[in-house]
Structures are given as C-alpha cells and as structure tokens.
Amino acid sequence: MRRTVRFLLNDRQFSLEGFDPTLTLLDWLRNERRLIGTKEGCAEGDCGACTVLIGRLRDGELRYEAINACIRFLASLDACHIVTVEHLKKASGGLHPVQQAMVELHGSQCGFCTPGIVMSLTALWLGAAEAPSRERVEEALAGNLCRCTGYGPIISALDRAYEIEASSSDTLNLGRAEIARTLAGLADQEVIEISEGGRKLFAPATADQLAELTAAHPDATLVAGATDVGLWITKMLLRPATVITLGRVGELDRIEDKGDHLVIGALVSVSDARGALGALDPQIDELIRRFGSEQVRNAGTIGGNVANGSPIGDSPPVLIALGASVILRRGGERRTVPLEQFFIAYKKQDRQPGDFVEALIVPKPKPGTLFHVSKISKRFDEDISAVCAAFRLERDGAGLTTHAVLAFGGMAATPKRAAAAEAALAGRSFNAEAAEAAALALASDFKPLDDWRASARYRSTVAANLIRRFQAETATGSVHRVAGILRSDAHA
Ligand SMILES: Cc1cc2nc3c(=O)[nH]c(=O)nc-3n(C[C@H](O)[C@H](O)[C@H](O)COP(=O)(O)OP(=O)(O)OC[C@H]3O[C@@H](n4cnc5c(N)ncnc54)[C@H](O)[C@@H]3O)c2cc1C
Ligand code: FES
Ligand code: FES
C-alpha cells in the first residue's frame, strides 16, 4: 500500500499524501499551486476553459491528451505528466508558437477562454508533424467555448503555428524520452490509498486488486474518467465516503479484436474506442465524434457510459443494436449479461454491490447487415442526445428481414429496444411500407418523457422519422454526411 500520489506537474515532481480524495485537479492547480492560467468557467466539463494536457504512458509510449481539469480528481493522476498553460512559455521567456499565432491572428479578445483553447491546439500540435485538417481542428475545439472572438482566427492560428516552428522542436516533444523514463519510474503495482477526514480513495493498479477492493468496499463509488462522477462533486456537492478509481488498471484499458467480435475493456476511453467501433460503421464513427468534446472523450470511458446507465447515454443504443454483452466481475466471479438486459429501470442496472464492469463483448455486424445510427440533439457538437437511435437489420437471400433490432435512447427510462416496431419489420422486405408500419408501431413501444431537452411529442415524432430515414437511406444508398454534418439531422 502506498499513501502518496506521485506525478509530474510541468517540470516539477510531486508526491502528495493526505488530501481530499475528490479534490479536483483544477482546484489544486488554482488554489494550492496558484497556477491560475487554467481557468474555471463552468466546472462541469462544458466550456474547456480549464483544459490541461495529461501525458501518460500507454504501452511504453508517452501520449499527451487534452482533458478538463475541473472534473478530474487529482488523486487519479498517479504517474502522469500534468501540463498547464504556464509550461508553454519558452526558456527564453517568449511565447509558444501556438500562443504567438493566436496573437498574430487576433485569436483572443477578453482572453478568458484563451488558455484552454491554446492547450487544445497544443495537444493537436504535439501529436502531428503537419497541420491537421480544418475539420480535425474544429473537432478538437468543439469543447472550447469562446464567446467573443469567433472561431475563424482561432482555427487559422494552428496553421500559422506550424509556419512559426516545427512541432518536432517543441520542448515537450524533444523531452519525451526523459519524461517517459520519469513516469515509468513513478509507476508501480502498489494500491494507492489517499485519505482525509475519514474519507478514502483507493487506486488499484491491477484488475485483481480492483476486484478485492470492490468486494471489500461494495458501497464505494467507482470512478473511471470522472466525466459523470466529477459533476456529482462540483455540481451536486456530494462527498462520497469511499472512492475507488480505476485509471491505473491497464488490463482494463485494452481492445482485443477476436475476428467476429471485439472485447473492449471497461477503461478504454471513448476516444480510443472510436477507432475500433467507428470501423464497424461510419455512422458509429460520426456518433462518437459528437460524443461530448475531445476533452470528455479523452477522459470518459465506454465502461463508465454503460455503467452509468443513463437513458440518454450515447453508446448503449449502438451497443445494444450490435448485440453487445457486458462482463461483470465480483471478486473472482464473472458473469456475462446481454446489454439490453443490463438496464433494468431508471439508473438501475443489473449490477450488485461489489460488481464492476470489466469489459464489453461487441459482435461485428455480418456482411450484408443494414445498420443505422442517429443522434438528435439541440446542438450539433458537445450536447447530450434528446433521442439516440441505432438499428440493425439482417435479411435472407430473398431480401426478407430475419432479424431486426431497433434500439433507442431518450425514449424511455432506460436505453431500450422497440419490440412492436421490430415485429412490424419481421419477415418482409424493408421497403417504405414496412418502415411506415414500424414507425407507427413505435407508439405502442414508448411513452417518452417531456423535459427541457425535448417534448414527448418531439421525441415520438423524431424516433418514427428515424426509422423512415433508415429505410430511405437504405433504398438510396445515401451516406448523409455533408461537411461534417449529418444533413438529415435538420429534417429528422
Ligand atoms: C461536457 C460533457 C458532455 C458529455 N457528453 C456526452 C455525450 O454526448 N454522450 C454521452 O453518452 N455522455 C456524455 N457525457 C457523459 C459522460 O462523459 C459519459 O457518460 C462517459 O462515458 C462516462 O465515463 P467516465 O469514465 O467518465 O465515467 P465516470 O464518471 O467515472 O463514472 C460514471 C458511472 O459509472 C460508474 N463506473 C465507471 N466505470 C465503471 C466500471 N468499470 N464498473 C462499474 N461502474 C463503473 C461510476 O461509478 C459512475 O456511476 C458528457 C459529459 C460531460 C461532462
Ligand atoms: S471549467 Fe468549464 S470545462 Fe472545466
Ligand atoms: S476571447 Fe473572450 S471568451 Fe474567447
């Protein structure tokens, strides 16, 4: 057992013990280190003003990613390199090329969002030798809200940064080998325990340690990326007595391709899952691109999205449509539950105290399968779904539907299949009449909620239209994606 969390902050090593287990990285940086370049805008992962870089060793390689410091627990950052905007300053005292480019192109007015934007652009800069496409830059900035400048100059600033200096000569890139060595030296296999005032946080390093800890503390709050749990602390002001953070358990951070299915570890981030899941269907890729922001996807995990059990989580409908199962572990015991049976009632899952989600088994669609995914939200980027739908249709040689899965989020208290609509498609061609029958049958499947995100009437109408869209898309072979926007979202 180790009672310290050890990490690098910029160019200084820290070893901390005895602090609030749910202290956020942002509060520590600003209140205790007085590194106030990192701003607090919303304290809920939305605005990006608090963006910092986290460097971690993944399979021996050092990777820097942008995350939101406001909802990340300091205690979860063992063996990481935390980089704040203060660290970008050149040894000569001059500006970093990304900052210099922002100045030259007038990418800042009031300046409140600017450090966060600089950090998001720097994450791109560090990872690519050449300027990324405009679409990629827009994607990376979707989680940085600027209220006064307008995004044109900000987006152009990255191109200009590459003209000012090659990213290969960035100090962080030049120092990679040394930082990687330091982080490797900080990592070990000890369970970390941080406690203060009777509250405790455990950070196991292996899946077996995690299993032991969850069995010994069945009421503990499990934390993966904290993109949900972080808000329980900053917005609901909860102070869980015992927290177990999963971030060090590398065994759960793996994707295995088993030929006809994928096994995705619970700790795989949404960003990392995008490659494997997005490869199954371009609309899945598009859905994941619209999942939160880059910062949220870098921290948030697929396991957390499933375990959280939100009726408007984006991965459950897709995973249900693909026929996924969840592997739950308690102590040494494992059980596999079809995902559609995992969600029992509002925020109630088939998860007993002491269980944790170990992995997801995701079958790949068979050749010839028809597949469709749509996310309907008020804003295109960084918004939670009002309705999320994923459909899978298998057909026989005559083109008749042999198996239909129509899975919806936002239509009931849990992510749920539409049994009556599926039955309306069975055994017939998937033509406009069949789609219409299924769209009408939806009324007996769901009585959706009215809330501020969408009215029940809107949800019902849009869900039926998505089935019609699926059929139209199938009939015309259209892809719907136009300049990064799913064109028919506007008409769904
Ligand atoms: C700004 C913002 C935008 C967002 N946008 C979206 C969006 O577009 N779509 C969407 O679906 N979600 C969105 N979310 C919600 C969140 O990012 C996702 O639900 C994410 O997948 C949660 O993963 P996590 O690792 O951060 O989970 P955490 O916050 O760490 O945990 C979430 C829940 O799962 C439990 N848990 C985590 N891992 C395990 C495990 N292995 N076993 C058992 N229990 C576990 C925790 O105890 C907790 O109850 C957004 C969040 C923010 C802050
Ligand atoms: S302060 Fe707004 S995302 Fe962190
Ligand atoms: S410069 Fe003012 S919020 Fe972006």
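Strands E17 and E18 (residues 387-395) pair in the antiparallel sense, and seven bridges hold this pairing. In this predicted model, leucine 370 has leucine 393 of E18 standing opposite. The pair belongs to an open sheet of four strands, ordered E17-E18-E19-E20, with antiparallel pairing. At the edges stand strand E17 (370-376) and strand E20 (416-417); each has a single partner strand, so one side of each is left without a neighbour in the sheet.

The division of the protein chain into domains gives a frame for what follows. Domain 1 covers 5-86 + 176-245, domain 2 covers 97-169, and domain 3 covers 370-491. Taken over C-alpha atoms, the centres of domain 1 and domain 2 are separated by 26 Å. To the contact between these two, domain 1 contributes 14 residues and domain 2 contributes 13 residues. On the side of domain 1 that touches domain 2, strand E3 (51-58) and strand E4 (61-68) each supply at least two residues. That side of domain 1 is made up of eight nonpolar, four polar and two charged residues.

E3 and E4 also take part in a second open sheet, in which five strands follow the order E2-E1-E5-E3-E4 with mixed pairing. Here E2 and E4 are the edge strands; each has a single partner strand, so one side of each is left without a neighbour in the sheet. From one strand to the next, the twist averages 30°. Eight bridges join E3 to E4 in the antiparallel sense, and arginine 58 has glutamate 61 in E4 as its bridge partner. Helix H7 (residues 176-186) packs on this sheet, where it touches strand E1 (5-9), E3, E4 and strand E5 (81-83). The direction of H7 makes about 170° with that of E1.

The loop between strand E2 (12-16) and helix H1 (25-32) holds leucine 23. Is leucine 23 buried or exposed? The answer lies between the two: leucine 23 is partly exposed, because 19 other C-beta atoms lie within 10 Å, whereas a buried residue has 20 or more. Residues up to four places away in sequence aside, leucine 23 touches Trp28, Phe73 and Leu74. Phenylalanine 73 is 50 residues from leucine 23 in sequence, yet the two are 5.7 Å apart in space, C-alpha to C-alpha.

Another helix to follow is H8 (residues 207-216), whose buried residues are Ala207, Leu210, Ala211, Leu213 and Thr214. An α-helix has 3.6 residues a turn, so residues three or four places apart point the same way. The buried residues of H8 pack against four strands: strand E7 (199-203), strand E9 (242-245), strand E12 (325-330) and strand E16 (356-363).

One of these strands, E12, runs antiparallel to strand E13 (residues 333-338), and six bridges join the two. In this pairing arginine 330 stands opposite glutamate 333 in E13. E12 and E13 form a hairpin with two residues between them. In the turn, glycine 331 has a positive phi of about 60°.

E16, another strand against which H8 packs, leads to the surroundings of ligand 1. Which residues come nearest to this ligand? Of the 32 residues around ligand 1, they are Gly45, Ala224, Gly225, Gly304 and Asn305. Two or more residues of the shell come from each of strand E8 (221-223), helix H12 (294-299), helix H13 (302-308) and E16. H13 gives the most, with five residues. By kind, the shell around ligand 1 divides into 15 nonpolar, 12 polar and five charged residues.

The last stop is alanine 420, which lies in helix H16 (residues 419-425). Alanine 420 is partly exposed, because 16 other C-beta atoms lie within 10 Å. Neighbours within four places in sequence aside, alanine 420 is in contact with Ala441, Ser444 and Asp445. Between the C-alpha atoms of alanine 420 and glutamate 294 the separation is 37 Å, and these two residues are 126 residues apart along the chain.

Key:
Residues numbered from 1 in each chain as written. Chains lettered and ligands numbered in written order. Predicted model: local features only at pLDDT ≥ 70, side-chain atom pairs only at ≥ 80, totals over all residues. Buried ≥ 20, exposed ≤ 12 C-beta atoms within 10 Å, placed from the backbone. Contact = placed C-beta atoms within 7 Å. Near = placed C-beta within 6 Å. Nonpolar A, V, L, I, M, F, W, Y, C, P; charged D, E, K, R; others polar. Pairing = 2+ DSSP bridges. Domains from an automatic or database assignment. Axes fitted to C-alpha atoms, helices over the stretch in contact; angles between N-to-C directions.
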